[in-house]
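The following dialogue takes a newcomer through one structure, feature by feature. Please look over the sequence and the model before reading on.

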Amino acid sequence: MDERARTLLKTLVERYIADGQPVGSRTLSRASGLELSPATIRNVMADLEELGLIASPHTSAGRIPTPRGYRVFVDTMLTARPVDIHHTPPEMAGVREQLQPDQPQRVIAQAAHLLSNLSHFVGVVTAPRRAGVFRHIEFLRLGDKRVLVILVSTDGDVQNRVVFTQRDYSQGELVEATNLLNSHYAGLTIDEVRERLRDEVSSLREEIAMLMKAAVQAGSEALNDSTEQVVVSGERNLLGVEDFGNDLGALRKMFNLFEQKTELMRLLETSSRAEGVRIYIGGESGVVPYEELSVVSAPYEVDGRIVGTLGVIGPTRMAYDRMIQLVDITSRLVSNALSMSK
């Protein structure tokens with residue numbers, strides 16, 4: 001693409017985001033500032049369409065961006081302004097005061113609500129993941145090859161799980177396994193316990209090793225159940241988005257996505273492994289496979305360690321520069337609030 005084509009694509013995307021109407025050559029001629037004939041603009045538009053960057057709706061002579069066109073716009077034409085959380089945009093005035101570090105869960109709920117209100121789309125936040133460190137574990141015999149595993153984390157959270165064993169264990173054997181785990185592994189994360197057991201299992205009696213493996217698996221599931229959750233706010237905002245208003249099938253798919261939350265967890269988990277703001281346009285994440293949706297997300301931290309992700313989900317026709325700034329500032333404010341709450 002030459003500079004002329006880049007300027008026309010940038011202008012077309014900006015006009016379509018602002019107006020929501022297909023952009024014609026006359027509008028492009030006025031808005032781009034380029035002194036080009038209508039015929040020249042139509043030729044450039046044809047080239048952009050051939051590259052898959054714009055498309056022509058059936059009902060209009062104008063053009064609209066494709067997801068690929070939005071991607072080129074975001075990656076090469078969008079200038080993100082530096083974010084200073086001490087000098088937030090006017091619409092975010094008072095956000096810092098709303099994210100009070102009294103209770104982490106409340107901060108998460110407030111952040112999702114703020115992202116939704118300020119974007120007018122959907123705000124999503126994953127709850128902070130705890131490290132999965134256990135302070136104490138205990139086995140209780142239930143009989144019929146069933147054992148109750150009681151797991152107490154370092155923050156006092158208690159999780160119970162019933163595990164089914166290959167044979168019955170006496171309470172004496174369960175006490176032995178309890179003592180082994182508590183004396184050798186207390187204070188470690190579940191993943192660290194699993195790694196050490198893999199190396200040390202040969203030195204344990206088979207029946208004790210099997211019981212401890214079952215306990216680690218149960219503990220891992222219990223901690224995941226209590227930490228892997230997504231707070232979603234503002235789903236109904238999508239009902240007011242003109243791009244979706246008449247497509248009940250698309251709306252139904254999107255609401256199923258927000259209700260199930262599993263795919264959202266996978267997407268946000270991917271985002272948490274990257275630095276800064278990530279943008280997924282028109283289903284290119286492979287996790288939220290809807291051409292009509294885009295996701296702008298960023299990880300947030302507690303004391304320098306990434307513990308979760310937040311973001312905005314909305315139509316591909318969104319003001320990406322504003323959403324990037326909104327998500328970036330919110331992630332920093334949430335990081336500050338949660339670090340203060342410790």
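**Reading the features of a predicted model**

The largest cavity holds about 30 Å³ of space. The model in which this cavity is found is a predicted one.

Q: How many cavities of 30 Å³ or more does a search of the whole structure find?

A: The search of the whole structure gives one cavity of 30 Å³ or more.

Q: Which residues line the largest cavity, and how do they divide into nonpolar, polar and charged?

A: The lining consists of Phe134, Ile137, Leu181, Ile190, Val193, Ala215 and Val216. Two or more lining residues come from each of β4, α8 (190-200) and α9 (206-227). By class, the lining has seven nonpolar residues, no polar ones and no charged ones.

Q: Strand β4 has now been mentioned; which strand does β4 pair with, and in what sense?

A: Strand β4 (residues 134-143) pairs with strand β5 (residues 146-153) in the antiparallel sense, over eight bridges. One of the positions to look for is Arg141, whose bridge partner in β5 is Val147. The two strands form a hairpin with two residues between them. In the turn, Asp144 has a positive phi of about 55°.

Q: How should one read a sheet, and in what order do the five strands of the open sheet lie?

A: A general idea helps when looking at any strand: in a regular strand the side chains alternate between the two faces of the sheet. In this structure, five strands form an open sheet in the order β7-β3-β10-β9-β8, with antiparallel pairing. Strands β7 (230-233) and β8 (278-281) are the edges, each pairing on one side only. On average, neighbouring strands of this sheet are turned by 20° against each other, direction ignored.

Q: How many bridges join β3 to β7, and which residue in β7 stands opposite Val124?

A: Strand β3 (residues 122-126) is joined to β7 by four bridges, and the two run antiparallel. Val124 stands opposite Val232 in β7.

Q: How is the packing of two helices described, and at what angle do α1 and α2 pack?

A: Two packed helices are described by the angle between their axes and the distance between the axes. Here, helix α1 (residues 3-19) and helix α2 (residues 25-32) pack at about 105°, with axes 10 Å apart. Helix α1 is therefore roughly perpendicular to α2.

Q: Which residues of α1 and α2 meet?

A: From α1, Thr7, Leu8, Thr11, Leu12 and Arg15 meet Thr27, Leu28, Ala31 and Ser32 of α2. The contact of α1 with α2 has four nonpolar, four polar and one charged residues.

Key:
Residues numbered from 1 in each chain as written. Predicted model: local features only at pLDDT ≥ 70, side-chain atom pairs only at ≥ 80, totals over all residues. Heavy atoms only, no water. Pairing = 2+ DSSP bridges. Axes fitted to C-alpha atoms, helices over the stretch in contact; angles between N-to-C directions. Parallel < 35°, antiparallel > 145°, perpendicular 65-115°, else oblique. Contact = heavy atoms within 4.5 Å. Nonpolar A, V, L, I, M, F, W, Y, C, P; charged D, E, K, R; others polar. 1 Å grid on protein atoms, 1.4 Å probe; cavity = no way out; pocket = protein on both sides within 12 Å on 5 of 7 lines; lining within 4 Å. Points joined across faces, edges and corners; volume = space filled by probe spheres on them.
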